[in-house]
Amino acid sequence: MKITSGILKRVAVPAAVMGMALPLVLAGSAAAQQPGPASTVTRAFGQVQYSAYSGEDNKLTVTAETDVNNNTVLVVTDLEGIDAGPGCQQASPTAAVCGLASSVTRISAQLGDGTDTAYIAVNIASSVDAGTGADTVETSGGNDTITLRDGVGGNDSASCGGGTDTASGNIGDRISTNCERRATY
Ligand SMILES: [Ca+2]
Ligand SMILES: [Ca+2]
């Protein structure tokens, strides 16, 4: 009887954790899927790829969150809506979970047209191409590459966080000194 009781207790703990963690990552999962096409995110091995849907002012964030199994997973959010492709799972109409964060080696993001914001909040090497429009891009501790060049000067800004980073833009674009290699044309 003692053994049985011990097993039940050990099972009960993860269940309680699960109930508490659920709203953090999977809030809105019961809601209807985002109608129509949206931005997409996929993962192949350690490579995560985000592509913005055209015609939107995308608001991309990439974070590491604790899931229901107490794993640290990569969460990709676009407030304009996002579709989880191969390698990722839909968490809500605006969020996708793309597996264990620790095994992601590179994040690539194409923001396309529109006035977009991108915040990569994880210390993983990232490549962000802001595309056209007035864009704001911020990355963190990885060795990152940010491209602001869209033929228009002064409309974009980049901040690269820690690491050894490269950013390029048009003359007048704001590129932080934390982007060690900076070039404007
Ligand atoms: Ca853009
Ligand atoms: Ca960086």
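# Exercises on a two-sheet predicted model

One open sheet of this predicted model has eight strands in the order 6-7-4-3-9-11-13-15, with mixed pairing.

**Exercise 1.** Which strands stand at the edges of this sheet, and what is left without a neighbour?

*Solution.* Start from the order 6-7-4-3-9-11-13-15. Strand 6 (89–92) and strand 15 (174–175) each have a single partner strand, so one side of each lacks a neighbour in the sheet. For strand 15, pairing is with strand 13 (residues 157–159): two bridges join them, and they run parallel. Within this pair, A158 has I175 as its bridge partner.

**Exercise 2.** What is the strand order of the open sheet that contains strand 1, and which strands are its edges?

*Solution.* The order is 5-1-2-8-10-12-14-16, an open sheet of eight strands with mixed pairing. Its edge strands are strand 5 and strand 16 (181–184), each of which pairs on one side only. On average, neighbouring strands here are turned by 10° against each other, direction ignored. Across the whole protein chain, the secondary structure comes to one helix and 16 strands.

**Exercise 3.** Work from strand 5 to strand 8. Do the successive pairs run parallel or antiparallel?

*Solution.*
1. Strand 5 (residues 82–84) and strand 1 run parallel, joined by three bridges. I82 is the bridge partner of S39.
2. Strand 1 and strand 2 (residues 47–51) are antiparallel, with five bridges. Here V41 is opposite Y50. The two strands form a hairpin with two residues between them, and F45 in the turn has a positive phi of about 55°.
3. Strand 2 and strand 8 (residues 106–110) run parallel over five bridges. Q47 has R106 as its bridge partner.

Strands of a sheet pair through backbone hydrogen bonds in either sense.

**Exercise 4.** Along strand 1 (residues 39–44), which side chains point to the buried face?

*Solution.* The side chains alternate along the strand. S39, V41 and R43 point to one face and are buried. T40, T42 and A44 point to the other face and are not buried. For the protein chain of 185 residues, 35% count as buried.

**Exercise 5.** What does V41 contact beyond its neighbours within four places in sequence, and which residues of the largest nonpolar core touch the most other members?

*Solution.* First take the contacts: V41 is in contact with V48, Q49, Y50, V76, I82, A84, G85, C88, A96 and C98. Then take the core, which has 38 residues. Those touching the most other members are V41, L74, V76, A96, C98, I146 and A158. At least two residues of this core come from each of strand 2, strand 3 (59–66), strand 4 (72–78), strand 7 (95–100), strand 8 and strand 9 (117–120). V76, A96 and C98 thus appear both as contacts of V41 and among the core residues with the most touching members. In soluble globular proteins, nonpolar side chains tend to be buried together.

**Exercise 6.** Why does A64 count as partly exposed, and which residues does A64 touch?

*Solution.* A64 lies in strand 3. A64 has 16 C-beta neighbours inside 10 Å. A buried residue needs 20 or more, and an exposed one has 12 or fewer. The count for A64 is therefore in the partly exposed class. Not counting residues up to four places away in sequence, A64 touches T72, L74, A101 and V122. The C-alpha atoms of A64 and V76 are 8.8 Å apart, with twelve residues separating the two along the chain.

Terms used
Residues are numbered from 1 along each chain as its sequence is written. Chains are lettered from A and ligands numbered from 1 in the order in which they are written. This is a predicted model: local features need pLDDT of at least 70, side-chain atom pairs count only at pLDDT 80 or more; totals for chains, interfaces and linings use all residues. Helices (H or I, at least four residues) and strands (E, at least two) are DSSP runs, numbered from the N terminus. Two strands pair if DSSP finds at least two bridges between them. Axes are lines fitted to C-alpha atoms, for helices over the stretch in contact, and angles run from 0 to 180 degrees between N-to-C directions. A nonpolar core is a set of buried Ala, Val, Leu, Ile, Met, Phe, Trp, Tyr and Cys residues joined through C-beta atoms within 7 Å. Two residues are in contact if their C-beta atoms, placed from the backbone, lie within 7 Å.
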